[in-house]
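Colleague: I am new to this structure, and I would like to go through the terms used for it one at a time. Please show me the model before we begin.

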Amino acid sequence: MAMARCSLLPILAAVLLAASLSLPPRAAAYAAMVDSLLPASATALSFEEGYTQLFGDSNLMLHGDGKRVHISLDERTGAGFASQGAYHHGFFSASIKLPADHTAGVVVAFYMSNGDVYERTHDELDFEFLGNVRGREWRVQTNVYGNGSTAAGREERYGLWFDPTQDFHRYAIRWSHDTIIFYVDETPIREVVRTASMGAQFPSKPMSLYATIWDGSSWATSGGRYKVNYKYAPYVAEFTDLLLHGCPAGSPPPCEGAAAAATMPPGQRSAMERLRARHMTYGYCYDRVRYPAPLPECSVGAEAEAFLPSGEARSTDRRGGRHGKRHRRAGGGVDSAL
């Protein structure tokens, strides 16, 4: 859905970080990571200054002087918002609390895209949160598209090691010329490195930041077996600490947003590898059903033994919570819903 664009702001950061003296350990670790990436010139903006509503009329509500945003799904519509400007690399994050109870078919997305500008050759970086039946956990999926490469899905899916409905957790995308890193709280969960073989399929055009909630009944839970039950509506996703820090589209180099190109510290890389070994439930690089020959950027080693030919993890211990059997997602990939 096309969004209205205001004049591009120089360096956006719509965030209120809690006072460092009162931060709990998890928040303090994340704040330290963010501080290492952001310059002192980052400025806090309200929703009205940095974002615009896409759809959903009264299903988008502002709280706390515009620092918190609630978007909801009911029988009428979902809701969504986007940044007023587009960015070419940077660091983008939000603290998100997901709806509780029966959420089958519900999709909450936090992502970057330029599909409103490049309809056939768009780029996209996705966090997708997939709802579930009562008593089963949400799943988080990441995906990367470049230059309209939607036929080659690069999905990875993870079982969350916490309850995302009980408290806010931070999800971040760090995008530079050569790397894309997805974070949950202070821990990186995925790194995509530009390779010559990927070519234009590595996202390279300016993108805007989006947040939406919508009805994904046709695929989101057990391949569409479990659909949204509006008896439990409204489904409300809460966003706060919205952070935009990047190079505004059209800004001349060098740009402060390029700081996102810093190398991942060894400690963070070790944490990422441990997390992926314990919690990744599907990886496109291991999916021989969709891709008999791995996509060119895939470097498949001994870890492939932990995955079935479908790309699903062999061990249910990776799912991290109340788990059962998995189901295939219609149209490719897997949906580890139950």
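Colleague: What is the pLDDT over residues 322-337, and how many contacts does the model have for them?

Modeller: Over residues 322-337 the pLDDT, which is the predictor's confidence in each residue, from 0 to 100, stays under 50, although the model has 65 contacts (heavy atoms within 4.5 Å) beyond four places in sequence for this stretch. Residues 1-23 also stay under 50, whereas the protein averages a pLDDT of 84, and 78% of the residues score at least 70. This is a predicted model, in which local features need pLDDT of at least 70 and side-chain atom pairs count only at pLDDT 80 or more, while totals for chains, interfaces and linings use all residues. Residues are numbered from 1 along each chain as its sequence is written, and side-chain values use heavy atoms, with hydrogens and water left out.

Colleague: Why is strand 8 called largely enclosed?

Modeller: Strands are DSSP runs (E, at least two residues) numbered from the N terminus, and buried means under 20% relative accessible area, with exposed over 50% and partly exposed in between, for a 1.4 Å probe and protein chains only. Seven of the seven residues of strand 8, residues 139-145, are buried, and therefore the strand is largely enclosed by the rest of the structure. Both faces are covered, with Arg139, Gln141, Asn143 and Tyr145 buried on one side and Val140, Thr142 and Val144 on the other.

Colleague: What makes strand 7 and strand 8 a pair?

Modeller: Two strands pair if DSSP finds at least two bridges between them, and strand 7 (residues 124-130) has seven bridges to strand 8, in the antiparallel sense; Phe127 has Thr142 as its bridge partner in strand 8. Strand 9 (residues 156-159) also pairs with strand 8 in the antiparallel sense, over four bridges, and there Tyr158 stands opposite Val140.

Colleague: How do you know that Cys285 and Cys298 form a disulfide, and why is it called left-handed?

Modeller: A disulfide is a pair of cysteine sulfur atoms within 2.5 Å, and the S to S distance for Cys285 and Cys298 is 2.0 Å, so the definition is met. The torsion about their S-S bond is about -80°, which means that the disulfide is left-handed. The pair links distant parts of the chain, 13 residues apart, with Cys285 in strand 15 (residues 280-287) and Cys298 in the loop between strand 15 and strand 16 (310-312). Both cysteines are buried, and a search of the whole structure finds one disulfide.
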